[in-house]
Amino acid sequence: MSDFSSLGLADWLIKQCKQLGINKPTPVQENCMPPILEGRDCLGCAKTGSGKTAAFVLPVLQKLSQDPYGIFCLVLTPTRELAYQIAEQFRVIGKPLGLRDCIVVGGMDMVTQSLELSRQPHVVVATPGRLADHIRSSNTFSLKRIQFLIMDEADRLLEQGCTDFTKDLEVILGALPAKRQTLLFSATLTDTLQELQSLTMNKPFFWESKSETRTVEELDQRYILAPEKIKDAYLVHLIQNFTDQHSDWSIIIFCKTCKDCQILTMMLRKFNFPTISLHSMMKQKVRFANLSKFKASVYKILIATDVASRGLDIPTVQVVINHNTPGLPKIYIHRVGRTARAGRNGVSITMVTQYDIHLVHAIEEQTQSKLKEYEVEEKDVLKILTQVNVTRRECEIRLEATDFDEKKEVHKRKQLILEGKDPEMEAKRKAELEKIKKHKKKFKERVQESVLQQQAEQRQRSLLKKKRRLEQKKAKLEAK
Ligand SMILES: Nc1ncnc2c1ncn2[C@@H]1O[C@H](COP(=O)(O)OP(=O)(O)OP(=O)(O)O)[C@@H](O)[C@H]1O
Ligand SMILES: [Mg+2]
(Lines give C-alpha, C1' and ligand atoms only; values in the text may rest on other atoms or scores of the structure.)
(Ligands and ions follow the chains in the order given, each with its own letter.)
Protein backbone atom coordinates (compact mmCIF):
# COMPACT_ATOMS: atom_id res chain seq x y z
CA MET A 1 0.00 0.00 0.00
CA SER A 2 1.32 3.44 -0.89
CA ASP A 3 1.52 6.40 1.45
CA PHE A 4 -0.07 9.80 1.04
CA SER A 5 3.03 11.52 -0.35
CA SER A 6 3.40 8.97 -3.16
CA LEU A 7 -0.19 9.82 -4.13
CA GLY A 8 0.87 13.41 -4.71
CA LEU A 9 -0.52 14.91 -1.51
CA ALA A 10 1.16 18.05 -0.17
CA ASP A 11 3.13 17.91 3.10
CA TRP A 12 0.83 20.29 4.97
CA LEU A 13 -2.13 18.00 4.25
CA ILE A 14 -0.20 14.90 5.30
CA LYS A 15 0.58 16.69 8.58
CA GLN A 16 -3.09 17.53 9.08
CA CYS A 17 -4.08 13.91 8.42
CA LYS A 18 -1.50 12.63 10.93
CA GLN A 19 -2.98 14.86 13.60
CA LEU A 20 -6.33 13.20 12.95
CA GLY A 21 -4.87 9.70 13.14
CA ILE A 22 -5.06 9.25 9.37
CA ASN A 23 -1.66 7.81 8.54
CA LYS A 24 -2.14 5.51 5.58
CA PRO A 25 -4.58 5.93 2.72
CA THR A 26 -7.52 3.54 2.55
CA PRO A 27 -8.07 1.81 -0.84
CA VAL A 28 -10.69 4.34 -1.98
CA GLN A 29 -8.29 7.18 -1.14
CA GLU A 30 -5.33 5.43 -2.73
CA ASN A 31 -7.22 4.83 -5.97
CA CYS A 32 -9.38 7.94 -6.36
CA MET A 33 -7.06 10.72 -5.17
CA PRO A 34 -4.44 10.59 -7.96
CA PRO A 35 -7.01 10.88 -10.82
CA ILE A 36 -8.80 13.70 -8.95
CA LEU A 37 -5.50 15.54 -8.51
CA GLU A 38 -4.87 15.04 -12.26
CA GLY A 39 -8.14 16.87 -12.95
CA ARG A 40 -10.39 13.93 -13.85
CA ASP A 41 -14.03 13.39 -12.91
CA CYS A 42 -14.44 10.52 -10.51
CA LEU A 43 -17.07 8.00 -9.42
CA GLY A 44 -16.03 6.22 -6.23
CA CYS A 45 -17.98 3.29 -4.84
CA ALA A 46 -16.58 1.93 -1.57
CA LYS A 47 -18.02 0.32 1.52
CA THR A 48 -19.43 2.28 4.44
CA GLY A 49 -16.81 3.74 6.81
CA SER A 50 -13.97 3.34 4.30
CA GLY A 51 -12.91 7.01 4.20
CA LYS A 52 -14.70 8.33 1.11
CA THR A 53 -15.01 11.81 2.66
CA ALA A 54 -11.25 12.32 2.95
CA ALA A 55 -10.89 10.89 -0.59
CA PHE A 56 -12.55 14.06 -1.92
CA VAL A 57 -11.75 16.58 0.85
CA LEU A 58 -7.97 16.15 0.57
CA PRO A 59 -7.56 16.70 -3.22
CA VAL A 60 -10.02 19.63 -3.16
CA LEU A 61 -8.04 21.31 -0.36
CA GLN A 62 -4.79 20.73 -2.21
CA LYS A 63 -6.16 22.36 -5.39
CA LEU A 64 -7.72 25.16 -3.36
CA SER A 65 -4.41 25.94 -1.66
CA GLN A 66 -2.82 26.40 -5.12
CA ASP A 67 -5.46 28.90 -6.25
CA PRO A 68 -7.64 30.07 -3.38
CA TYR A 69 -10.91 31.80 -4.24
CA GLY A 70 -14.61 31.50 -3.47
CA ILE A 71 -16.83 29.81 -4.35
CA PHE A 72 -14.35 27.08 -5.28
CA CYS A 73 -16.21 23.89 -4.37
CA LEU A 74 -19.84 22.85 -3.94
CA VAL A 75 -20.71 19.69 -2.02
CA LEU A 76 -24.26 18.32 -2.23
CA THR A 77 -25.58 15.77 0.22
CA PRO A 78 -29.05 14.39 0.98
CA THR A 79 -29.31 15.20 4.71
CA ARG A 80 -28.69 18.26 6.85
CA GLU A 81 -26.72 16.45 9.55
CA LEU A 82 -24.41 14.99 6.94
CA ALA A 83 -23.82 18.45 5.47
CA TYR A 84 -22.57 19.66 8.87
CA GLN A 85 -20.32 16.62 9.24
CA ILE A 86 -18.72 17.11 5.83
CA ALA A 87 -18.23 20.85 6.43
CA GLU A 88 -16.50 20.01 9.70
CA GLN A 89 -14.03 17.71 7.90
CA PHE A 90 -13.23 20.49 5.43
CA ARG A 91 -12.82 22.99 8.29
CA VAL A 92 -10.56 20.77 10.42
CA ILE A 93 -8.27 19.59 7.63
CA GLY A 94 -8.30 23.00 5.90
CA LYS A 95 -7.51 24.96 9.07
CA PRO A 96 -3.99 26.05 7.95
CA LEU A 97 -5.59 27.58 4.84
CA GLY A 98 -7.98 29.65 6.90
CA LEU A 99 -10.72 27.84 5.03
CA ARG A 100 -14.10 29.55 4.96
CA ASP A 101 -17.08 27.26 4.53
CA CYS A 102 -20.81 27.85 4.38
CA ILE A 103 -23.52 25.33 5.20
CA VAL A 104 -26.78 25.75 3.31
CA VAL A 105 -29.49 23.42 4.61
CA GLY A 106 -33.23 23.57 5.25
CA GLY A 107 -34.63 24.32 8.69
CA MET A 108 -32.01 27.01 9.39
CA ASP A 109 -32.14 30.77 8.94
CA MET A 110 -32.15 31.64 5.26
CA VAL A 111 -31.07 35.28 5.69
CA THR A 112 -27.91 34.30 7.58
CA GLN A 113 -27.12 31.74 4.88
CA SER A 114 -27.68 34.34 2.18
CA LEU A 115 -25.26 36.70 3.87
CA GLU A 116 -22.62 33.98 4.24
CA LEU A 117 -23.02 32.98 0.60
CA SER A 118 -22.47 36.57 -0.52
CA ARG A 119 -19.12 36.61 1.33
CA GLN A 120 -17.72 34.09 -1.17
CA PRO A 121 -16.81 31.14 1.05
CA HIS A 122 -14.30 28.67 -0.38
CA VAL A 123 -16.55 25.66 0.11
CA VAL A 124 -20.34 25.45 0.19
CA VAL A 125 -21.89 22.29 1.63
CA ALA A 126 -25.60 22.08 0.92
CA THR A 127 -28.74 20.02 0.72
CA PRO A 128 -30.31 20.48 -2.73
CA GLY A 129 -33.70 21.95 -1.70
CA ARG A 130 -32.37 24.93 0.24
CA LEU A 131 -29.56 25.71 -2.22
CA ALA A 132 -32.04 25.69 -5.12
CA ASP A 133 -34.23 28.11 -3.11
CA HIS A 134 -31.27 30.49 -2.73
CA ILE A 135 -30.46 30.27 -6.43
CA ARG A 136 -34.10 31.01 -7.35
CA SER A 137 -34.46 33.90 -4.96
CA SER A 138 -31.14 35.69 -4.82
CA ASN A 139 -28.46 37.16 -7.04
CA THR A 140 -25.93 37.98 -4.34
CA PHE A 141 -23.75 34.95 -5.04
CA SER A 142 -22.57 33.00 -8.05
CA LEU A 143 -21.64 29.37 -8.56
CA LYS A 144 -20.39 30.06 -12.08
CA ARG A 145 -16.71 29.73 -11.19
CA ILE A 146 -16.77 26.58 -9.07
CA GLN A 147 -14.07 24.10 -9.89
CA PHE A 148 -15.49 21.12 -8.02
CA LEU A 149 -19.01 19.70 -7.78
CA ILE A 150 -19.15 16.86 -5.28
CA MET A 151 -22.16 14.68 -4.64
CA ASP A 152 -21.80 12.58 -1.53
CA GLU A 153 -24.35 9.76 -1.33
CA ALA A 154 -24.79 10.49 -5.04
CA ASP A 155 -27.22 7.64 -5.71
CA ARG A 156 -29.61 8.96 -3.05
CA LEU A 157 -29.50 12.43 -4.57
CA LEU A 158 -30.55 11.02 -7.92
CA GLU A 159 -33.16 8.44 -6.94
CA GLN A 160 -36.78 9.44 -6.55
CA GLY A 161 -37.37 8.35 -2.97
CA CYS A 162 -39.61 9.98 -0.41
CA THR A 163 -37.64 13.19 -0.92
CA ASP A 164 -37.24 13.83 -4.61
CA PHE A 165 -34.27 16.07 -5.39
CA THR A 166 -34.45 15.98 -9.19
CA LYS A 167 -36.13 19.38 -9.73
CA ASP A 168 -33.76 21.12 -7.30
CA LEU A 169 -30.78 19.43 -8.92
CA GLU A 170 -31.87 20.78 -12.30
CA VAL A 171 -31.85 24.31 -10.88
CA ILE A 172 -28.45 23.81 -9.26
CA LEU A 173 -26.82 22.21 -12.30
CA GLY A 174 -28.13 25.10 -14.40
CA ALA A 175 -26.22 27.52 -12.18
CA LEU A 176 -22.88 25.67 -12.49
CA PRO A 177 -20.20 26.07 -15.14
CA ALA A 178 -19.96 23.30 -17.74
CA LYS A 179 -16.22 23.10 -17.23
CA ARG A 180 -15.72 21.67 -13.77
CA GLN A 181 -14.62 18.50 -12.01
CA THR A 182 -17.49 16.31 -10.83
CA LEU A 183 -16.88 13.79 -8.05
CA LEU A 184 -19.54 11.28 -7.04
CA PHE A 185 -19.28 8.99 -4.04
CA SER A 186 -21.43 6.39 -2.28
CA ALA A 187 -21.33 2.87 -0.87
CA THR A 188 -24.11 1.93 -3.32
CA LEU A 189 -23.48 3.59 -6.66
CA THR A 190 -23.81 0.74 -9.09
CA ASP A 191 -27.54 0.75 -9.81
CA THR A 192 -27.57 4.46 -10.67
CA LEU A 193 -24.31 4.42 -12.59
CA GLN A 194 -25.76 5.48 -15.94
CA GLU A 195 -27.57 8.56 -14.56
CA LEU A 196 -24.45 9.45 -12.60
CA GLN A 197 -22.20 9.18 -15.62
CA SER A 198 -24.39 11.65 -17.47
CA LEU A 199 -23.49 14.26 -14.83
CA THR A 200 -19.81 14.03 -15.61
CA MET A 201 -18.17 15.75 -18.57
CA ASN A 202 -15.12 13.88 -19.76
CA LYS A 203 -14.88 10.12 -19.35
CA PRO A 204 -14.89 9.76 -15.56
CA PHE A 205 -12.53 7.60 -13.59
CA PHE A 206 -14.63 4.84 -12.00
CA TRP A 207 -13.47 2.93 -8.97
CA GLU A 208 -15.32 0.25 -7.06
CA SER A 209 -13.83 -1.68 -4.14
CA LYS A 210 -13.38 -5.28 -5.13
CA SER A 211 -14.80 -7.51 -2.48
CA GLU A 212 -17.10 -10.50 -2.33
CA THR A 213 -19.44 -8.83 0.14
CA ARG A 214 -20.97 -5.35 0.11
CA THR A 215 -20.92 -5.01 3.89
CA VAL A 216 -17.68 -4.88 5.90
CA GLU A 217 -16.05 -8.04 7.28
CA GLU A 218 -15.87 -6.55 10.78
CA LEU A 219 -19.66 -6.42 10.96
CA ASP A 220 -21.44 -9.30 12.70
CA GLN A 221 -24.82 -9.42 10.94
CA ARG A 222 -27.66 -11.02 12.84
CA TYR A 223 -31.42 -11.33 12.69
CA ILE A 224 -34.15 -12.13 15.17
CA LEU A 225 -37.34 -13.74 13.95
CA ALA A 226 -40.04 -12.06 16.03
CA PRO A 227 -43.76 -11.61 15.37
CA GLU A 228 -44.86 -7.96 15.36
CA LYS A 229 -46.53 -8.24 18.77
CA ILE A 230 -43.42 -9.33 20.65
CA LYS A 231 -40.85 -7.24 18.76
CA ASP A 232 -40.73 -4.57 21.45
CA ALA A 233 -40.21 -7.10 24.23
CA TYR A 234 -37.24 -8.45 22.26
CA LEU A 235 -35.94 -4.91 21.84
CA VAL A 236 -36.13 -4.11 25.56
CA HIS A 237 -34.49 -7.43 26.38
CA LEU A 238 -31.67 -6.83 23.87
CA ILE A 239 -30.93 -3.33 25.13
CA GLN A 240 -31.00 -4.50 28.75
CA ASN A 241 -28.44 -7.17 27.90
CA PHE A 242 -26.15 -4.82 25.96
CA THR A 243 -26.24 -2.13 28.62
CA ASP A 244 -25.63 -4.67 31.40
CA GLN A 245 -22.58 -6.02 29.61
CA HIS A 246 -21.01 -2.91 28.04
CA SER A 247 -21.10 0.45 29.76
CA ASP A 248 -19.39 2.25 26.86
CA TRP A 249 -21.56 1.04 23.97
CA SER A 250 -23.81 3.26 21.89
CA ILE A 251 -26.75 1.86 19.95
CA ILE A 252 -28.71 3.20 16.97
CA ILE A 253 -32.21 1.82 16.46
CA PHE A 254 -33.73 2.44 13.03
CA CYS A 255 -37.51 2.57 12.63
CA LYS A 256 -39.85 3.00 9.71
CA THR A 257 -41.77 6.15 10.70
CA CYS A 258 -41.38 9.30 12.80
CA LYS A 259 -44.27 8.10 14.96
CA ASP A 260 -42.54 4.76 15.65
CA CYS A 261 -39.43 6.74 16.65
CA GLN A 262 -41.41 8.88 19.02
CA ILE A 263 -43.28 5.98 20.66
CA LEU A 264 -40.16 3.82 21.06
CA THR A 265 -38.25 6.75 22.57
CA MET A 266 -41.01 7.33 25.11
CA MET A 267 -41.23 3.62 25.84
CA LEU A 268 -37.50 3.04 26.32
CA ARG A 269 -37.31 6.10 28.58
CA LYS A 270 -40.02 4.50 30.74
CA PHE A 271 -37.58 1.61 31.16
CA ASN A 272 -34.89 4.13 32.16
CA PHE A 273 -32.72 3.72 29.08
CA PRO A 274 -30.91 6.96 28.11
CA THR A 275 -32.70 7.41 24.80
CA ILE A 276 -32.95 10.27 22.31
CA SER A 277 -34.49 10.51 18.84
CA LEU A 278 -33.82 11.94 15.39
CA HIS A 279 -36.46 12.26 12.68
CA SER A 280 -37.85 14.74 10.21
CA MET A 281 -40.82 15.83 12.34
CA MET A 282 -38.47 17.52 14.81
CA LYS A 283 -37.28 21.12 14.64
CA GLN A 284 -33.86 21.28 13.00
CA LYS A 285 -32.18 22.79 16.04
CA VAL A 286 -33.48 19.92 18.19
CA ARG A 287 -32.23 17.45 15.59
CA PHE A 288 -28.71 18.90 15.78
CA ALA A 289 -28.81 19.09 19.58
CA ASN A 290 -29.97 15.47 19.91
CA LEU A 291 -27.29 14.22 17.54
CA SER A 292 -24.60 16.13 19.46
CA LYS A 293 -25.78 14.63 22.76
CA PHE A 294 -25.67 11.17 21.24
CA LYS A 295 -22.21 11.76 19.75
CA ALA A 296 -20.97 12.95 23.14
CA SER A 297 -22.43 9.76 24.74
CA VAL A 298 -24.73 11.78 27.00
CA TYR A 299 -27.42 9.50 25.57
CA LYS A 300 -26.39 5.97 24.62
CA ILE A 301 -29.38 5.11 22.45
CA LEU A 302 -30.46 6.96 19.33
CA ILE A 303 -33.80 6.10 17.74
CA ALA A 304 -33.94 7.37 14.19
CA THR A 305 -35.65 7.10 10.85
CA ASP A 306 -33.64 6.70 7.67
CA VAL A 307 -32.70 10.36 7.93
CA ALA A 308 -29.73 9.02 9.94
CA SER A 309 -29.01 5.99 7.77
CA ARG A 310 -26.43 7.52 5.41
CA GLY A 311 -22.98 8.92 5.98
CA LEU A 312 -23.06 9.71 9.70
CA ASP A 313 -19.74 8.81 11.30
CA ILE A 314 -20.04 8.09 15.03
CA PRO A 315 -17.18 5.85 16.18
CA THR A 316 -18.82 4.84 19.50
CA VAL A 317 -21.72 3.07 17.78
CA GLN A 318 -21.25 -0.63 18.43
CA VAL A 319 -24.74 -1.86 17.64
CA VAL A 320 -27.33 -1.09 14.98
CA ILE A 321 -30.80 -2.51 15.49
CA ASN A 322 -33.29 -2.52 12.62
CA HIS A 323 -36.67 -2.36 14.34
CA ASN A 324 -38.18 -2.99 10.90
CA THR A 325 -36.58 -5.00 8.11
CA PRO A 326 -35.51 -2.44 5.48
CA GLY A 327 -37.57 -2.75 2.30
CA LEU A 328 -34.50 -2.26 0.09
CA PRO A 329 -31.09 -3.94 0.44
CA LYS A 330 -29.48 -0.57 -0.27
CA ILE A 331 -31.11 0.96 2.82
CA TYR A 332 -29.93 -2.03 4.85
CA ILE A 333 -26.33 -1.53 3.67
CA HIS A 334 -26.31 2.13 4.77
CA ARG A 335 -28.12 1.54 8.07
CA VAL A 336 -25.83 -1.26 9.28
CA GLY A 337 -22.87 0.77 8.00
CA ARG A 338 -23.34 3.17 10.95
CA THR A 339 -21.30 0.65 12.95
CA ALA A 340 -18.09 -1.30 12.22
CA ARG A 341 -16.49 1.76 10.64
CA ALA A 342 -12.82 2.36 9.84
CA GLY A 343 -11.78 -1.19 10.78
CA ARG A 344 -13.70 -1.34 14.09
CA ASN A 345 -16.00 -4.21 15.02
CA GLY A 346 -19.78 -3.89 15.26
CA VAL A 347 -23.01 -5.85 15.45
CA SER A 348 -26.23 -5.38 13.51
CA ILE A 349 -29.48 -7.02 14.52
CA THR A 350 -32.46 -6.98 12.19
CA MET A 351 -35.93 -7.71 13.51
CA VAL A 352 -37.73 -9.94 11.03
CA THR A 353 -41.42 -10.79 11.15
CA GLN A 354 -42.92 -13.73 9.29
CA TYR A 355 -43.89 -11.35 6.46
CA ASP A 356 -40.35 -10.00 5.95
CA ILE A 357 -38.49 -13.18 5.11
CA HIS A 358 -38.37 -12.38 1.37
CA LEU A 359 -36.77 -9.02 2.25
CA VAL A 360 -34.00 -10.81 4.16
CA HIS A 361 -33.38 -13.03 1.15
CA ALA A 362 -33.09 -9.95 -1.08
CA ILE A 363 -30.66 -8.36 1.39
CA GLU A 364 -28.55 -11.52 1.53
CA GLU A 365 -28.47 -11.74 -2.24
CA GLN A 366 -27.40 -8.11 -2.74
CA THR A 367 -24.87 -7.98 0.07
CA GLN A 368 -23.54 -11.45 -0.74
CA SER A 369 -23.46 -12.25 2.95
CA LYS A 370 -25.58 -14.42 5.22
CA LEU A 371 -27.39 -13.09 8.27
CA LYS A 372 -27.04 -15.39 11.28
CA GLU A 373 -29.73 -15.87 13.88
CA TYR A 374 -29.18 -13.96 17.13
CA GLU A 375 -29.82 -16.37 19.97
CA VAL A 376 -32.17 -15.06 22.64
CA GLU A 377 -33.56 -16.80 25.72
CA GLU A 378 -37.23 -16.70 24.76
CA LYS A 379 -38.46 -17.31 28.28
CA ASP A 380 -36.74 -14.08 29.43
CA VAL A 381 -38.53 -12.18 26.67
CA LEU A 382 -41.89 -13.67 27.58
CA LYS A 383 -41.38 -12.65 31.21
CA ILE A 384 -41.38 -8.96 30.25
CA LEU A 385 -43.85 -9.18 27.37
CA THR A 386 -46.96 -7.92 29.20
CA GLN A 387 -45.10 -5.10 30.93
CA VAL A 388 -43.57 -3.93 27.62
CA ASN A 389 -46.85 -4.06 25.72
CA VAL A 390 -48.74 -2.20 28.45
CA THR A 391 -46.01 0.47 28.53
CA ARG A 392 -46.14 0.82 24.76
CA ARG A 393 -49.93 1.23 24.83
CA GLU A 394 -49.58 3.94 27.52
CA CYS A 395 -47.06 5.76 25.34
CA GLU A 396 -49.32 5.51 22.30
CA ILE A 397 -52.18 7.06 24.28
CA ARG A 398 -49.91 9.83 25.54
CA LEU A 399 -48.71 10.55 22.03
CA GLU A 400 -52.26 10.63 20.66
CA ALA A 401 -53.05 13.25 23.29
CA THR A 402 -50.31 15.48 21.83
CA ASP A 403 -52.01 15.49 18.38
CA PHE A 404 -48.93 13.94 16.79
CA ASP A 405 -50.88 12.81 13.70
CA GLU A 406 -52.43 16.23 13.26
CA LYS A 407 -49.02 17.91 13.57
CA LYS A 408 -47.73 15.44 10.99
CA GLU A 409 -50.48 16.50 8.57
CA VAL A 410 -49.64 20.18 9.11
CA HIS A 411 -45.95 19.38 8.65
CA LYS A 412 -46.70 17.56 5.38
CA ARG A 413 -48.80 20.46 4.10
CA LYS A 414 -46.01 22.91 4.95
CA GLN A 415 -43.49 20.76 3.08
CA LEU A 416 -45.75 20.66 0.02
CA ILE A 417 -46.21 24.44 0.06
CA LEU A 418 -42.43 24.87 0.33
CA GLU A 419 -42.03 22.57 -2.67
CA GLY A 420 -44.39 24.86 -4.57
CA LYS A 421 -47.24 22.31 -4.62
CA ASP A 422 -50.89 22.85 -3.76
CA PRO A 423 -51.77 20.60 -0.75
CA GLU A 424 -55.42 20.24 -1.90
CA MET A 425 -54.37 19.19 -5.40
CA GLU A 426 -51.78 16.82 -3.97
CA ALA A 427 -54.42 15.23 -1.71
CA LYS A 428 -56.70 14.79 -4.73
CA ARG A 429 -53.84 13.35 -6.77
CA LYS A 430 -53.00 10.94 -3.97
CA ALA A 431 -56.63 9.86 -3.67
CA GLU A 432 -56.78 9.31 -7.44
CA LEU A 433 -53.59 7.27 -7.33
CA GLU A 434 -55.00 5.20 -4.46
CA LYS A 435 -58.16 4.60 -6.51
CA ILE A 436 -56.13 3.49 -9.53
CA LYS A 437 -54.02 1.25 -7.31
CA LYS A 438 -57.14 -0.32 -5.81
CA HIS A 439 -58.64 -0.88 -9.26
CA LYS A 440 -55.41 -2.43 -10.48
CA LYS A 441 -55.29 -4.69 -7.43
CA LYS A 442 -58.90 -5.79 -7.93
CA PHE A 443 -58.29 -6.37 -11.62
CA LYS A 444 -55.20 -8.44 -10.83
CA GLU A 445 -57.15 -10.46 -8.28
CA ARG A 446 -59.96 -11.06 -10.79
CA VAL A 447 -57.48 -12.17 -13.45
CA GLN A 448 -55.79 -14.47 -10.96
CA GLU A 449 -59.13 -15.89 -9.88
CA SER A 450 -60.19 -16.61 -13.44
CA VAL A 451 -56.82 -18.20 -14.24
CA LEU A 452 -57.16 -20.42 -11.17
CA GLN A 453 -60.71 -21.28 -12.15
CA GLN A 454 -59.64 -22.15 -15.70
CA GLN A 455 -56.82 -24.30 -14.36
CA ALA A 456 -59.23 -26.10 -12.00
CA GLU A 457 -61.70 -26.68 -14.85
CA GLN A 458 -58.94 -27.98 -17.10
CA ARG A 459 -57.79 -30.32 -14.35
CA GLN A 460 -61.34 -31.56 -13.88
CA ARG A 461 -61.78 -32.09 -17.63
CA SER A 462 -58.58 -34.08 -17.92
CA LEU A 463 -59.57 -36.13 -14.87
CA LEU A 464 -62.94 -36.85 -16.46
CA LYS A 465 -61.19 -37.84 -19.70
CA LYS A 466 -58.86 -40.17 -17.81
CA LYS A 467 -61.79 -41.64 -15.92
CA ARG A 468 -63.70 -42.21 -19.17
CA ARG A 469 -60.69 -43.83 -20.80
CA LEU A 470 -60.25 -46.12 -17.80
CA GLU A 471 -63.92 -47.05 -17.92
CA GLN A 472 -63.67 -47.80 -21.64
CA LYS A 473 -60.60 -49.97 -21.03
CA LYS A 474 -62.38 -51.77 -18.21
CA ALA A 475 -65.43 -52.34 -20.39
CA LYS A 476 -63.21 -53.72 -23.19
CA LEU A 477 -61.43 -56.05 -20.77
CA GLU A 478 -64.72 -57.26 -19.35
CA ALA A 479 -66.07 -57.85 -22.88
CA LYS A 480 -63.00 -59.95 -23.69
N1 LIG B 1 -6.82 6.70 5.87
C2 LIG B 1 -7.51 6.60 6.98
N3 LIG B 1 -7.01 5.94 8.06
C4 LIG B 1 -7.73 5.82 9.20
N5 LIG B 1 -8.96 6.36 9.39
C6 LIG B 1 -9.51 7.02 8.36
C7 LIG B 1 -8.81 7.19 7.12
N8 LIG B 1 -9.59 7.91 6.29
C9 LIG B 1 -10.73 8.20 6.97
N10 LIG B 1 -10.68 7.67 8.21
C11 LIG B 1 -11.72 7.73 9.24
O12 LIG B 1 -12.69 6.74 8.91
C13 LIG B 1 -13.98 7.14 9.36
C14 LIG B 1 -15.01 6.90 8.27
O15 LIG B 1 -14.77 7.75 7.19
P16 LIG B 1 -15.93 8.33 6.25
O17 LIG B 1 -17.01 8.92 7.09
O18 LIG B 1 -15.29 9.17 5.24
O19 LIG B 1 -16.50 6.99 5.60
P20 LIG B 1 -17.40 6.83 4.30
O21 LIG B 1 -16.67 5.92 3.38
O22 LIG B 1 -17.80 8.14 3.79
O23 LIG B 1 -18.66 6.02 4.89
P24 LIG B 1 -20.22 6.15 4.52
O25 LIG B 1 -20.43 5.33 3.27
O26 LIG B 1 -20.92 5.57 5.68
O27 LIG B 1 -20.50 7.58 4.30
C28 LIG B 1 -13.86 8.60 9.78
O29 LIG B 1 -13.88 8.69 11.17
C30 LIG B 1 -12.51 9.02 9.23
O31 LIG B 1 -11.88 9.99 10.04
MG1 LIG C 1 -19.56 9.18 3.62
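Which residue in S11 is the bridge partner of Ile 276? The partner is Leu 302. This report starts from that pair and works outward through a predicted model.

## Strand S10 and its partner

Strand S10 covers residues 275-278. Its side chains alternate. Thr 275 and Ser 277 point one way, while Ile 276 and Leu 278 point the other way. All of these residues are buried.

S10 pairs with strand S11, residues 301-304. The pairing is parallel and runs over 4 bridges. Helix H12, residues 284-295, belongs to the connection: S10, H12 and S11 make a right-handed β-α-β unit.

## The sheet around S11

S11 also pairs with strand S9, residues 250-254. Here too 4 bridges join the strands, and they run parallel. In this pairing Ile 252 stands opposite Leu 302. Leu 302 therefore has a bridge partner in S10, Ile 276, and a residue opposite it in S9, Ile 252. Strands of a sheet pair through backbone hydrogen bonds, either parallel or antiparallel.The strands fit into an open sheet of 7 strands. Its order is S10-S11-S9-S12-S13-S8-S14, with parallel pairing. The edge strands are S10 and S14, residues 372-373, and each pairs on one side only.

## The whole chain

The protein chain has 480 residues, and buried residues make up 39% of them. It holds 17 helices and 14 strands. The C-alpha trace spans about 105 × 55 × 55 Å along its principal axes.

Contacts link distant parts of the sequence. Take the contacts with a separation of 6 or more: residues 24 or more positions apart account for 76% of them.

## Two domains and their contact

The domain assignment of the chain gives domain 1, residues 5-208, and domain 2, residues 219-402. Their centres, taken over C-alpha atoms, are 30 Å apart. The contact between them takes 17 residues from domain 1 and 15 residues from domain 2.

On the domain 1 side, helix H4 gives the most, with 4 residues. H4 covers residues 80-93. By class, this side of domain 1 has 4 nonpolar, 8 polar and 5 charged residues.

## The shell around ligand 1

Which residues come nearest to ligand 1? They are Thr 48, Gly 51, Lys 52, Thr 53 and Ala 342, out of 19 residues around the ligand. The shell divides into 6 nonpolar, 9 polar and 4 charged residues.

Helix H3, residues 52-66, supplies the largest share of the shell, 3 residues. Both domains take part. Domain 1 and domain 2 each give at least three residues to the shell.

## Backbone features in loops

The peptide bond from Gly 70 to Ile 71 is cis, with omega near 0 degrees. Ile 71 sits in the loop between H3 and strand S2, residues 73-76.

Two non-glycine residues deserve a look for their phi angles. Ala 340 has a positive phi of about 55 degrees. It lies in the loop between helix H13, residues 329-336, and strand S13, residues 346-352. Gln 368 has a positive phi of about 60 degrees. Gln 368 is in the loop between helix H14, residues 357-367, and S14.

Why does Ala 340 count as buried? Ala 340 has 25 C-beta neighbours inside 10 Å, and the cut-off for buried is 20 or more. Gln 368 counts as exposed because it has 11 such neighbours inside 10 Å, where the cut-off for exposed is 12 or fewer.

## Lys 167 and Thr 305

Lys 167 is located in helix H8, residues 166-174. Is Lys 167 buried, exposed or partly exposed? Lys 167 counts as partly exposed, because it has 13 C-beta neighbours inside 10 Å.

How many residues apart in sequence are Lys 167 and Thr 305? They are 138 residues apart. In space the two are 24 Å apart, C-alpha to C-alpha.

Terms used: Residues are numbered from 1 along each chain as its sequence is written. Chains are lettered from A and ligands numbered from 1 in the order in which they are written. This is a predicted model: local features need pLDDT of at least 70, side-chain atom pairs count only at pLDDT 80 or more; totals for chains, interfaces and linings use all residues. A residue is near a molecule or strand if its C-beta atom, placed from the backbone, lies within 6 Å of it. Helices (H or I, at least four residues) and strands (E, at least two) are DSSP runs, numbered from the N terminus. Ala, Val, Leu, Ile, Met, Phe, Trp, Tyr, Cys and Pro count as nonpolar, Asp, Glu, Lys and Arg as charged, and the others, Gly among them, as polar. Domain bounds come from an automatic or database domain assignment. Two strands pair if DSSP finds at least two bridges between them. A crossover is right-handed if, with the strands pointing away from the viewer, the path from the first strand over the helix to the second runs clockwise. Two residues are in contact if their C-beta atoms, placed from the backbone, lie within 7 Å.
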